[in-house]
Amino acid sequence: MRYRESKETVQDLNISPLIDMVFILLIFFMVSTTFVKDMKLDLERPAASSSSTASTKAVRLYIDNAGEVYLDGESIRSWVIQSRLRDLLKTKTQKSVLVVTDENVPSGKLVEVVDQARLAGASDVGVATEKEVGAMN
């Protein structure tokens, strides 16, 4: 009987396709990530001594000097606020709304927007302010 000589084969693992896939996934996640950024409205927020840091997960409504209301960067009418907020808050676990307003906005407009947010189902509605300099604690 003849025995065959076994040839030792060196098995090498080629990981270049794996590295390529990791880079492709990295690029995919970087491109598909959404970044939170505030609108480019120039607002002078009212000052308050009891201001605190707002949640970054809150839906933000902006009211400018002219009384225009903005949601997600686009101007919306007062009668549309409630339905648009209701749709947005359905997908959120934390149902909070932050109203960022200018100091010169009439209080009636602010109350109207806050009321529409509460009617839309927001459990927590806040108004963005700036901390007063030299406020008494």
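This report walks through the fold of one protein, from its overall make-up down to a few single residues.

## The whole protein

The model shown here is a predicted one. Its average pLDDT is 77, and 75% of the residues score at least 70. Confidence varies along the chain: helix H1 (residues 16-32) has the highest mean pLDDT among the elements, at 89, while strand S7 (residues 130-131) has the lowest, at 60.

What is the protein built from? It has three helices and seven strands. If you follow the sequence from start to end, these elements come in the pattern α-β-β-β-β-α-β-α-β-β.

Of the 137 residues, 26% count as buried. The accessible surface comes to about 10,900 Å², and carbon and sulfur atoms account for 54% of that area. Another helpful number concerns contacts between residues at least 6 apart in sequence: 71% of them join residues at least 24 apart.

## The sheet

Now let us look at the strands. Five of them form an open sheet, and their order across it is S4-S3-S2-S5-S6. The pairing in this sheet is mixed. S4 and strand S6 (124-128) are the edge strands, each pairing on one side only. On average, neighbouring strands are turned by 30° against each other, direction ignored.

Strand S2 (59-63) is a good place to see the mixed pairing up close. With S5, it pairs in the parallel sense over five bridges. With S3, S2 pairs in the antiparallel sense over three bridges. S2 and S3 also form a hairpin, with five residues between the two strands. In the turn of that hairpin sits Gly-67, which has a positive phi of about 90°.

Here are some of the residue partners that S2 has in its neighbours:

| Residue | Partner | Strand of the partner |
|---|---|---|
| Val-59 | Val-97 | S5 |
| Leu-61 | Val-99 | S5 |
| Leu-61 | Leu-71 | S3 |

Is S2 enclosed or open to the outside? Four of its five residues are buried, so S2 is largely enclosed by the rest of the structure.

## Leu-61, a residue of S2

Leu-61 is found in strand S2. Why does Leu-61 count as buried? The reason is its relative accessibility, which is 0%, and the cut-off for buried is under 20%.

Which residues does Leu-61 touch, not counting those up to four places away in sequence? The list is Val-69, Tyr-70, Leu-71, Ile-81, Leu-85, Val-97, Leu-98, Val-99, Val-100 and Val-113. As for distances, the C-alpha atoms of Leu-61 and Ile-76 are 9.9 Å apart, with the two residues 15 apart in sequence.

## Helix H2 on the sheet

Two of those contacts, Ile-81 and Leu-85, bring us to helix H2. This helix spans residues 81-90, and its buried residues are Ile-81, Leu-85 and Leu-89. Seen down the axis of H2, these buried residues fall within an arc of 50°, so they line one face of the helix.

What covers that face? The cover of the buried residues includes strand S2 (59-63), strand S3 (69-71), strand S4 (74-76), strand S5 (96-101) and helix H3 (107-119). H2 packs on the sheet, where it touches S2, S3, S4 and S5. The direction of H2 makes about 155° with that of S2.

## Helix H3 and the loop after it

Helix H3 is part of the cover of H2, and two residues help us see this region in detail.

The first to look at is Gln-116, which is found in helix H3. Gln-116 counts as buried because its relative accessibility is 16%, and the limit is under 20%. Leaving aside neighbours within four places in sequence, Gln-116 is in contact with Ser-78, Ile-81 and Gln-82.

The other is Ala-120, in the loop between H3 and S6. Ala-120 is buried too, with a relative accessible area of 8%. Its contacts, again without neighbours within four places in sequence, are Gln-82, Leu-85, Arg-86 and Leu-89. How far apart are the C-alpha atoms of Ala-120 and Gln-82? They are separated by 4.9 Å, although the two residues are 38 apart along the chain.

Technical notes. Residues numbered from 1 in each chain as written. Predicted model: local features only at pLDDT ≥ 70, side-chain atom pairs only at ≥ 80, totals over all residues. Heavy atoms only, no water. Buried < 20%, exposed > 50% of the residue type's maximum accessible area, 1.4 Å probe, protein only. Arc of directions from axis to C-beta. Contact = heavy atoms within 4.5 Å. Pairing = 2+ DSSP bridges. Axes fitted to C-alpha atoms, helices over the stretch in contact; angles between N-to-C directions. Areas by Shrake-Rupley, 256 points an atom, 1.4 Å probe, with all protein chains shown as cover. pLDDT = per-residue confidence, 0-100.
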